[in-house]
Amino acid sequence: MINDTFKHMSSKIGRRSFLKLAAVGAGMSATAALAASESIRPATEEEIKDPFPGSKKVKTICSICSAGCGIIAEVHNGVWVRQDVAQDHPISEGSHCCKGIDQIDLVKSKQRLKFPLKKVNGEWKRISWETAVKEISEKMLALRKENGPDVAMFLGSAKFNLQQAFYFRKFAAMWGTNNIDHVARI
Ligand code: SF4
C-alpha cells in the first residue's frame, strides 16, 4: 500500500523532487523524535538575552593579515564563543574586511591543523614537531646540496607581521637565494 502510494507520488512529482521531499520528511521525523526525547528545548528568556553568562570580552587583533584590525573576542569558560569589531581600534576604527569578520571560525574550525601530519602508505599520521622539523630540514639540505640554493622559492605569508617578514627574508638570504616574494603576488 505504502509502496503504491510512493510510486504514485514519484510518478507525479518527478524522482528528484520526490527524493528531496523524502529527505525533508526524514529530517522532520528526526527533529520531532529529538524534541519528544527532550534532548532539545526552547531557550529561556535569560538565555536569549545572555547566552554566555560570565563571559569575558578580550581585546585582540585579527591575525589574517598584517593590518592587525582590532577585534573583541568573547570568551566563555576558556572558549572563544563570539566575535565583534573593536570600535576604538586606532587602525581599523571599528571595521573589518570580510576575512577578519570570520576570524573566529579559523580558530574553531574542525579542519584546523593543530599538529604536524605525515602521509605514510596513503594514511595521514601524527608526528612530533621535532620529527617534522628534522625531516623537512634534512630534505631541504639534501636538495640544496644536489641542486644549489636556487632550487628553493620562499613565499612569505600575508599573515607575517613586520618582524616575521624580517626573519623570513634573513632565512632566505642565509639559505643563499634571492628567490623570495610575498604570497599576494601569486
Ligand atoms: S584580514 Fe582583514 S580584518 Fe584581518 S587584519 Fe587584515 S584587513 Fe584587517
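## A tour from helix pair to ligand

Start by selecting Met140, Leu141 and Arg144 in helix 5, then add Phe171, Met174 and Trp175 in helix 6: these are the residues through which the two helices meet. Sorted by class, the residues of this contact are five nonpolar, no polar and one charged. Keep in mind as you click around that this is a predicted model.

Now show helix 5 as residues 129–147 and helix 6 as residues 162–175; their axes come within 12 Å and cross at roughly 45°. Angles from 35 to 65 degrees fall between roughly parallel and roughly perpendicular and count as oblique, so helix 5 and helix 6 are oblique to each other.

Stay on helix 6 for the next stop, an aromatic one. The structure holds five aromatic pairs. For one of them, pick phenylalanine 154 and phenylalanine 168: the ring centres are 6.0 Å apart and the planes sit at 75°, so this pair is edge-to-face. Phenylalanine 154 belongs to strand 6 (residues 154–156) and phenylalanine 168 to helix 6, so the pair links distant parts of the chain, 14 residues apart.

Next, over to the open sheet. Its three strands come in the order 1-2-3, with antiparallel pairing. Colour strand 1 (56–61) and strand 3 (79–85): both stand at the edges with a single partner strand each, so one side of each is left without a neighbour in the sheet. From one strand to the next, the twist averages 35°. In general, strands of a sheet pair through backbone hydrogen bonds, so switch those on in your viewer if you like.

Zoom in on strand 2 (residues 70–76), which runs antiparallel to strand 3 and is joined to that strand by six bridges. Want one bridge to look at? Select glutamate 74 and you'll find its bridge partner, arginine 82, in strand 3.

Then hop to the hairpin. Strand 4 (residues 117–120) and strand 5 (residues 123–126) run antiparallel, joined by four bridges. Which residues of strand 5 stand opposite lysine 118 and lysine 119? Lysine 118 faces lysine 125, while lysine 119 has tryptophan 124 opposite. Two residues lie between the strands of this hairpin, and asparagine 121 takes a positive phi near 50° there.

Last stop: the ligand. Select Cys62, Ile64, Cys65, Ala67, Gly68, Cys69, Cys97 and Gly100 to bring up the residues around the ligand. What classes make up this shell? Six of its residues are nonpolar, two are polar and none is charged.

Definitions and conventions:
Residues numbered from 1 in each chain as written. Predicted model: local features only at pLDDT ≥ 70, side-chain atom pairs only at ≥ 80, totals over all residues. Heavy atoms only, no water. Near = heavy atom within 4 Å. Nonpolar A, V, L, I, M, F, W, Y, C, P; charged D, E, K, R; others polar. Axes fitted to C-alpha atoms, helices over the stretch in contact; angles between N-to-C directions. Parallel < 35°, antiparallel > 145°, perpendicular 65-115°, else oblique. Contact = heavy atoms within 4.5 Å. Pairing = 2+ DSSP bridges. Phe/Tyr/Trp six-rings, centres within 6.5 Å; stacked < 30°, edge-to-face > 60°.
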